[in-house]
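Visitor: I should like to learn how to read a structural model feature by feature. Might we take one topic at a time?

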Amino acid sequence: MPSILIKNAEIVTMNEKDEIIRGDLYIEKNRIIDIGQSLDYQADKTIDATNKTIIPGFIQTHIHLCQTLFRGQADDLELMDWLKQKIWPLEASHDEESLYYSALLGIGELIQSGTTTIVDMETVSHTDFAFQAIAKSGIRALSGKVMMDKGEKVPYGLRERTSVSLQESADLLEKWHGKQNGRIQYAFCPRFVVSCTEELLTEVRKLSDRHGVCVHTHAAENRGEIALVEQETGMRNVVYLDHLGLANEKLILAHCVWLDDEEKSIIKRRKVKVSHCPGSNLKLSSGIADVPEMLQQGIDLSLGADGAPCNNNLDMLNEMRLAALIQKPVHGPTAMNAKTVFRMATIGGARAVGMDQEIGSLEAGKIADLAILNLNGFHMYPSYGVDTISRIVYSATRADVETTIIDGEIVMEHRLLRNMDKKTVLYESNKCISRLMKRIERLNQ
């Protein structure tokens, strides 16, 4: 692994002092060795970052790589109709090749917009091929097969027996957890309470405890979903998960739009992590999570784009801007300032995956996961007297991300991806979605 010296940059550290340093950053093996001015190291590669900005790589804590192929196929629907009419049939139609290219397509977009770590939920089958794409691409990921052993209007291809779902998940954990120098980790991914039996969720809790890995699921996203959970269990989402022993520091809950006070108290007390997905929540008409109140209560919050068919892009810069703007009409202009959402996108995400001592900020000794931004476009000026983080959150776009480094490896430089061929991925993606749509048409005849 070649050593890298990045010279003459503006460095947004996100350390405890929130320091922004003008100087150099030196990487050896997969670690940041030193940050300072006029560093004198003999590196294998030197990058001149004059007038450029280095930031910690973005950490997205809720992604569905399996759905990237479905971008534009399920627009203008609310959650349960979106799932039953479009997404579940499409997921059920996946084959090994389509899942592989769906994952690569999503990862390419993520890396090109500065995301270095994801918490990913796959579909029921062929998850090994998503892991193959993750391994090839160089991205850091917690991922797992989706688990769903009950539910109405679930297509045949997504119907699982409880024992099979658990065994396949355990097998994938054994094969992939800790691979690629620890860059790949496994997470158990029961879809949501509506599609999971109590037996499945109870066994997931036991497996998570035994292996010390995260559980990643959806909760309190939509009022209709909450009504179904209450009808079936007599409890609200988070109360039920707590009843089963799942509410703990290893639980990552996506959305949490409609929490009541009891659920917020459980999340805070049990140190549950919440992934806020503003773009998805707006597009599916789910609602706007009360993020300012959760932050005030000390709940650990991070950000995620969710999936391409319920957001249409996987760009953390877009999510940060939305997260800041949607709260201001109700809570006032200072409710979600730029630094707050930038923290959620970096060190907050690291805390969610239990890696805040390793990633999420730029400090000597931490893993080298970072992005280099060129903030010199018309849309970024004038820059005089403007706070750097505000410039990034409110003005930057994915096109401003020039270089992405993950685990000390350059995975994109000058916007060219090193571990995948863009033309091939785009071509195969179109070919795959065409095949899946025709497969669904045949089943509906």
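Guide: Let us begin with a single residue. Gly72 is placed in the loop that joins strand S6 (58–63) to helix H1 (79–93). Please keep in mind that the model is predicted.

Visitor: Is Gly72 buried, exposed or partly exposed?

Guide: Gly72 counts as partly exposed, because its relative accessibility is 40%, and the partly exposed class lies between under 20% for buried and over 50% for exposed.

Visitor: How far apart in space are Gly72 and Asn181?

Guide: Their C-alpha atoms are 36 Å apart, and 109 residues separate Gly72 from Asn181 in sequence. A second pair can be read in the same manner: Ser195 and Ala289 are 94 residues apart along the chain, with 23 Å between their C-alpha atoms.

Visitor: Where is Ser195 found, and what is it in contact with?

Guide: Ser195 belongs to the loop between S10 and H5. Ser195 has a relative accessible area of 0% and is therefore buried. Setting aside neighbours within four places in sequence, its contacts are Met147, Met148, Asp149 and Lys150.

Visitor: Let us turn to the interior. What general idea should guide the reading of a core?

Guide: In soluble globular proteins, nonpolar side chains tend to be buried together. In this model the largest nonpolar core has 132 residues, and those with the most contacts inside it are Trp82, Phe188, Leu253, Ile267, Met320, Phe342 and Ile392. Helix H2 (residues 96–112) supplies the largest share of this core, 9 residues. Another core, of 17 residues, lies apart from it and includes Ile32, Ile47, Ala368 and Leu370.

Visitor: Which residues is Leu253 in contact with, leaving aside its neighbours within four places in sequence?

Guide: The contacts of Leu253 are Thr217, Ala219, Val238, Leu241, Ile267, Val272, Lys273, Val274 and Ser275. Ile267 thus appears among the contacts of Leu253 and among the residues with the most contacts inside the core.

Visitor: How should a helix be read? I have helix H4 in mind.

Guide: One may begin with its span and then consider its faces. Helix H4 (residues 162–176) has 15 residues and reaches 21 Å from its first C-alpha to its last, close to the 21 Å expected at 1.5 Å a residue. Its buried residues are Thr162, Ser165, Leu166, Ser169, Leu172, Leu173 and Trp176. Viewed down the axis of H4, these buried residues fall within an arc of 130 degrees, so they line one face of the helix. Ser163 and Glu174 are exposed on the other side of H4.

Visitor: What covers the buried residues of H4?

Guide: The cover includes helix H3 (127–137), strand S9 (146–147), strand S10 (184–190) and helix H5 (198–211). After H4 comes Gly178, with a positive phi near 85 degrees.

Visitor: Which residues other than glycine have a positive phi?

Guide: Lys29 and Ala220 are two cases. Lys29 has a phi near 55 degrees and is found in the loop between strand S2 (20–28) and strand S3 (31–36). Ala220 has a phi near 50 degrees and is found in the loop between strand S11 (214–219) and helix H6 (223–233). Lys29 counts as exposed because its relative accessibility is 58%, whereas Ala220, at a relative accessible area of 0%, is buried.

Visitor: How is a pair of aromatic rings described?

Guide: A pair of aromatic rings is described by the distance of the centres and the angle of the planes. The structure holds 6 aromatic pairs. One of them joins Tyr100 and Tyr101 edge-to-face, at 5.2 Å centre to centre and 85 degrees between the planes; Tyr100 and Tyr101 are both buried. Tyr186 and Phe188 also form an edge-to-face pair, with 5.5 Å between centres and 80 degrees between the planes. Phe131, Trp176, Tyr186 and Phe188 form one aromatic cluster.

Visitor: Where does a charged end sit over a ring?

Guide: The charged end of Arg391 sits over the ring of Tyr381, 5.6 Å from its centre. Arg223 lies over the face of Trp258, at 3.8 Å from the ring centre. Tyr381 also precedes a cis peptide bond, the one leading to Pro382, with omega near 0 degrees. Pro382 lies in the loop between strand S15 (370–373) and helix H15 (388–395).

Terms used
Residues numbered from 1 in each chain as written. Predicted model: local features only at pLDDT ≥ 70, side-chain atom pairs only at ≥ 80, totals over all residues. Heavy atoms only, no water. Core = buried A, V, L, I, M, F, W, Y, C linked by side-chain atoms within 4.5 Å. Buried < 20%, exposed > 50% of the residue type's maximum accessible area, 1.4 Å probe, protein only. Helix = DSSP H or I, 4+ residues; strand = E, 2+ residues; numbered from the N terminus. Contact = heavy atoms within 4.5 Å. Expected span 1.5 Å × (residues − 1). Arc of directions from axis to C-beta. Phe/Tyr/Trp six-rings, centres within 6.5 Å; stacked < 30°, edge-to-face > 60°. Lys NZ or Arg CZ within 6 Å of the ring centre and 35° of its normal.
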